[in-house]
Amino acid sequence: METKKNVALVLSSGGAKGISHIGAIQELQKQGYNITSVAGSSIGAVIGGLLAMGKLDSYTEWIKTLDRRDVWGLMDFSFNTNGLLKGERVFDKMKEFIPDMNIEDMSIPFSAVASDILNEKEIVFDKGSYYSAVRASVAIPAMLPPVRYKNTFLVDGGILNPVPIDHVRKNEGDLLVVVNLYGAKQPKPEAVSESKNGANKNGQNGLMNTFSKLVATGDKQSMGYISLLTTSSAAMIHKLARINIERYQPDILIDIPADSANTFDFHRADELIKLGSDAVSRAIKSLGGE
C-alpha cells in the first residue's frame, strides 16, 4: 500500500477472544494503516488503551508466556454475592511492567465504555486513570464485582454497548474499522472426550476444565447459574453488536467467530493473535487491497 490510510478503530467486548484484537492491530499496521483513535468495551478497552499508551508490545510479550496454570494463578476467587473473582490480581501484575497513565496523556485518543446499571446508561472514560477505566469496563456481571463510581455502580461495557462505534473520535477522512468478536460461529466436529486416565487424572486440570465449561461456554449440559446467565447475556450482547454494526456500516469489518475461545482462554495467545491477523488479511483482500 503506497500511502498510509488513517483509521478510527473500534474493539468489541468478548473475553479472551479479545486477544485476537492484538493480531488485528498488528496486521492493520503491517498493511500500512495508521490508527488515529481507538474505542473499546471490556477486553476491547484493555487492548485499545494499551495501544493508545504505546504499551501493547509489552503486554503481548507477557501474555504469550502464560499457560493454563499461569492463568489459573491470576484468578483471585471471591465466591461472594458480588462476583466469582475479585479482578485485582491480573491488573496488579500488569502494573508491575505497565505503569498507570491518564487517558488524556496517551499518544492517540482513547475511549473506554462501561455500563451504569442503576441509570441504564453508558459511561465513557476519555480521561483519568487507565486502570480505573478498564476495571469498570471489564466487570462482567456475576464474574467480577461492579465498580462503585460517584453515586452508582458500573459493570461491563459490553452489556449496553459491546461495539462502541459511537464513542470513537473519528476524524474526517478516517476509515471506520471494527473488530467484532461476535462473528458467525464456526462449524466444528464433535469433540473427543478425555480419557478417564488422561488429563483429568490431574485434579487441577480437571477442575479447570469443569470451571471453564461452567462459566464460559454456556454448555447446554451445564445448567449452573453462571452458565445460564452467560448464555442469556451472550444472546443479548450478540444482537446489540449486530444492531450497532448495521447502523454505522464500518468501512472494514473484521469478524472473529463468537466461539473462537472461552472467556478465560488467555493461555491461547499465539493462536488467537494469529486468528486476528488472518481475519484482517481476509477483510482487506476482500476489498481488493493487499
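# Close-up views

**View 1. Ser42 counts as buried, at 5% relative accessibility.** Here, buried means under 20% relative accessible area, exposed means over 50%, and partly exposed lies in between, using a 1.4 Å probe and protein chains only. You are looking at a predicted model, in which local features need pLDDT of at least 70 and side-chain atom pairs count only at pLDDT 80 or more, while totals for chains, interfaces and linings use all residues. Residues are numbered from 1 along each chain as its sequence is written, and side-chain values use heavy atoms, with hydrogens and water left out. To find Ser42, look in the loop between strand E2 (33-41) and helix H2 (43-52). Helices (H or I, at least four residues) and strands (E, at least two) are DSSP runs, numbered from the N terminus. The side chain of Ser42 makes a polar contact of 2.7 Å with that of Asp156. A polar contact is a pair of N or O atoms within 3.5 Å; within protein, one must be able to donate a hydrogen and the other to accept it, and residues adjacent in sequence count only if both atoms are side-chain atoms. Leaving aside residues up to four places away in sequence, Ser42 touches Ser13, Val113, Ser137, Val138 and Asp156; a contact means heavy atoms within 4.5 Å.

**View 2. The whole protein chain sets the scene for the other views.** Take a moment to get your bearings: the chain holds 9 helices and 10 strands. Of its 290 residues, 51% are buried. Among contacts with a separation of 6 or more, 76% join residues 24 or more positions apart. The accessible surface comes to about 14400 Å², and carbon and sulfur atoms account for 50% of that surface. Accessible areas come from the Shrake-Rupley method with a 1.4 Å probe; for residues, only the protein chains shown count as cover.

**View 3. Strand E5 (residues 110-116) is largely enclosed by the rest of the structure, because 7 of its 7 residues are buried.** Follow the side chains along E5: Phe110, Ala112, Ala114 and Asp116 point one way, whereas Ser111, Val113 and Ser115 point the other way. Both sets are buried.

**View 4. E5 pairs with E2, E6 and E8.** Two strands pair if DSSP finds at least two bridges between them. E2 and E5 run parallel, with 4 bridges, and Gly40 has Ala112 of E5 as its bridge partner. Strand E6 (residues 121-125) runs antiparallel to E5 and is joined to E5 by 5 bridges; here Ala114 stands opposite Ile123. E5 and E6 form a hairpin with 4 residues between them, and Glu120 in the turn has a positive phi of about 55°. Strand E8 (residues 152-156) is also antiparallel to E5, with 3 bridges. In E8, Asp156 is the bridge partner of Ala114. You have already met Asp156: its side chain is joined to that of Ser42 by a polar contact.

**View 5. Helix H3 has a buried side and exposed residues on the other side.** Leu56, Tyr59, Thr60, Trp62 and Ile63 are the buried residues to look for in H3. They lie on the same side of H3, because they cover an arc of only 165° around the axis. That arc is taken from the directions from the helix axis to the C-beta atoms. On the other side of H3, Asp57 and Glu61 are exposed. The buried residues of H3 pack against helix H1 (20-30), H2, helix H5 (89-95) and H9.

**View 6. Asp270 and Lys64 form a salt bridge, one of 5 in the whole structure.** A salt bridge is a side-chain nitrogen of Lys or Arg within 4 Å of a carboxyl oxygen of Asp or Glu, and in this pair the N to O distance is 3.7 Å. Asp270 lies in helix H9 (residues 269-286) and Lys64 in the loop between helix H3 (56-63) and helix H4 (68-73), so the pair ties together parts that are 206 residues apart in sequence. Asp270 is partly exposed, at 46% relative accessible area, and Lys64 is partly exposed, at 44%.

**View 7. Other salt bridges sit in buried and in exposed surroundings.** Arg268 and Asp265 form a salt bridge, their closest N and O atoms being 2.9 Å apart, and both residues are buried. Salt bridges also link Asp265, Arg268 and Glu271 in a network. Elsewhere, the side chains of Glu96 and Lys93 form a salt bridge of 3.3 Å, N to O. Glu96 counts as exposed, at 60% relative accessibility, while Lys93 counts as partly exposed, at 32%.
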